[in-house]
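Thank you all for coming. I would like to take a few minutes to walk through a structure that is new to most of us, and I will go slowly, so please keep it in view while I talk.

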Amino acid sequence: MRTQVGIVGAGPAGLLLSHLLARQGIDAVVLETRSRDYVEQRVRAGVLEHPTVELLREVGLADRLDREGLPHEGISLRFDGGDHRIDFADLTGRGIVVYGQQEVVKDLIAARLDAGGDILFEVSDVAVAGLDDDPLITFTDADGRAQELHCAVIAGCDGFHGITRGAFAPEMFERDYPFAWLGILAKAAPTHHELVYASHANGFALYSMRSPEVTRLYLQVPPDTDASTWSDGQVWDELGTRLAADGFHLNEGPVLEKSVTAMRSVVAEPMRHGRLFLAGDAAHIVPPTGAKGMNLAIADVRVLAEALTGYLRNGDESGIDAYSDTCLRRVWRAEHFSWWMTSMLHTFDTEDAFTRRLQLSQLRYTVSSRAAATSLAENYVGLPHGAL
Ligand code: APR
Ligand code: PHB
């Protein structure tokens, strides 16, 4: 088999890259280890930044998003028993859209397959070679046949646990956090129209949603927590405690899904080796507190699609040479923002009264100073692509 761009991984990064390249007349083949059903059902975060929404609209991928997505113009920070709204519309003139990552993935897969795009699901034994001059991807297809895919370049979009990053030795920058998030998806109508980030002495809690019928909620828990050790009743009780505020009522309902998300910050530098380009979670992960993961993956592939178009059409290497540095500027801004939100909102050590007072001071400053609130808001709604 032969194609121009061999894409490893059918998450938001790999799928959107194949769509953007197809619009420029460039061929790509996407290889994915999981089944179509698995990647379409995988529950992940659900906040789309303003620049993400604009891009999806620009490239014809926003019909369902515009019908079913929930536009939000702010969030609440809740601490010390008080609720404080950060008004994105007033501070930045922009907002976000709540729309699950798996909905974006479903829309992308449908668009690619309708256009005759190649996505091979349920492949195995994926390996990459010839990164300096003659890229080759070897794999076993869904029928068990050994295959070779020759390509001009390889895009490593295979997520944090993929294989492409291991094909070279980028420098790794990491930070672990001493907690995780227990997340539930509940069949319960949201009772508050925006997201609530709550800092409580028992730990952080997040109130989010997926639709007018489904609430998404998270609790800070110890890092090695087994989700099954929390009964539904315990989860609702603890959410009630941590999210409590005057006039706030939490609707309870059947728990549809319960899982634990690890919290880490990791960046690989550089994001390119020869003709292999990493994008999305394959190159960097953020803790979910700033909701940046999918948005960063989308920003990467926008830069990559343009760089590869220049290279494959005209032999222009300026875009591919600048790719890693261009992406890393936005990546590190998002790393800082996610680390900052995480540090401000979670309980690190209940004995450490000094840290708790610093957190509360930072929270009070953020909700009372227009300059500080604007800094949070412009990062949350997403700095314009290319701004850094
Ligand atoms: N070969 C082929 N595909 C692979 C391999 C492999 N060896 N290893 C992993 N994959 C697939 C995974 O099954 C997954 O479908 O690569 C895909 C990577 O997708 P994501 O993990 O969704 O990563 P990305 O597209 O970069 O999107 C980033 O995902 O993890 C969230 O919070 C993160 O929202 C962010 C988004
Ligand atoms: C979610 O809805 O899953 C979500 C929202 C905001 C975050 C993280 C996750 O910061």
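**Two ligands, one sheet and a serine**

Let me begin with ligand 1, where the helices α1, residues 12–23, and α8, residues 293–314, each supply at least two residues of the surrounding shell. Before going further I should say that what you see is a predicted model, and please keep that in mind throughout. Of these elements, α8 deserves a second look, since the largest share of the shell around ligand 1, 3 residues, comes from α8.

Which residues come nearest to ligand 1? There are 25 residues around ligand 1, and of these the nearest are Glu32, Arg42, Arg44, Gln101 and Asp281. If we sort the shell around ligand 1 by class, we find 11 nonpolar, 8 polar and 6 charged residues.

Turning to individual polar contacts, the side chain of Arg44 has an N or O atom 2.8 Å from an oxygen atom of ligand 1. The backbone takes part as well: an N or O atom of the Met294 backbone lies 2.9 Å from an oxygen atom of ligand 1, and a backbone N or O atom of Thr33 lies 3.5 Å from a nitrogen atom of ligand 1. As for cover, ligand 1 has 710 Å² of accessible area on its own, and the protein covers 88% of that area.

Now to ligand 2, which has 14 residues around it, with Tyr197, Ser208, Arg210, Tyr218 and Pro288 coming nearest. The shell around ligand 2 consists, by class, of 9 nonpolar, 3 polar and 2 charged residues.

Three of the contacts here involve oxygen atoms of ligand 2, and I will take them one at a time. A polar atom in the side chain of Tyr218 is 2.6 Å from an oxygen atom of ligand 2, while for Arg210 a side-chain N or O atom lies 2.8 Å from an oxygen atom of ligand 2. In the case of Pro288, a backbone N or O atom lies 2.8 Å from an oxygen atom of ligand 2. How much of the accessible area of ligand 2 does the protein cover? On its own ligand 2 has 280 Å², and the protein covers 100% of it.

Where does this shell come from? Two or more residues each are given to the shell around ligand 2 by β13 (195–200), β14 (203–211) and β15 (214–221), and β14 gives the most, with 3 residues. In terms of domains, the shell around ligand 2 draws at least three residues from domain 1 (5–46 + 100–170 + 270–345) and at least three from domain 2 (177–263 + 347–381).

Those strands lead us to the sheet, an open one of 8 strands with mixed pairing, which runs in the order β6-β5-β13-β14-β15-β12-β16-β19. Because β6 (82–87) and β19 (284–285) stand at the edges with a single partner strand each, one side of each is left without a neighbour in the sheet. Further in, β5, residues 74–79, pairs with β13 in the parallel sense over 5 bridges, and Ser76 has Val196 in β13 as its bridge partner.

Finally, a brief stop at Ser343, which is placed in helix α9, residues 318–345. A polar atom of the Ser343 side chain lies 2.6 Å from the backbone oxygen of Trp339, and, setting aside neighbours within four places in sequence, Ser343 is in contact with Phe348 and Gln359.

Methods: Residues are numbered from 1 along each chain as its sequence is written. Chains are lettered from A and ligands numbered from 1 in the order in which they are written. This is a predicted model: local features need pLDDT of at least 70, side-chain atom pairs count only at pLDDT 80 or more; totals for chains, interfaces and linings use all residues. Side-chain values use heavy atoms; hydrogens and water are left out. Helices (H or I, at least four residues) and strands (E, at least two) are DSSP runs, numbered from the N terminus. A polar contact is a pair of N or O atoms within 3.5 Å; within protein, one must be able to donate a hydrogen and the other to accept it, and residues adjacent in sequence count only if both atoms are side-chain atoms. Contact means heavy atoms within 4.5 Å. A residue is near a molecule or strand if one of its heavy atoms lies within 4 Å of it. Accessible areas come from the Shrake-Rupley method with a 1.4 Å probe; for residues, only the protein chains shown count as cover. Ala, Val, Leu, Ile, Met, Phe, Trp, Tyr, Cys and Pro count as nonpolar, Asp, Glu, Lys and Arg as charged, and the others, Gly among them, as polar. Domain bounds come from an automatic or database domain assignment. Two strands pair if DSSP finds at least two bridges between them.
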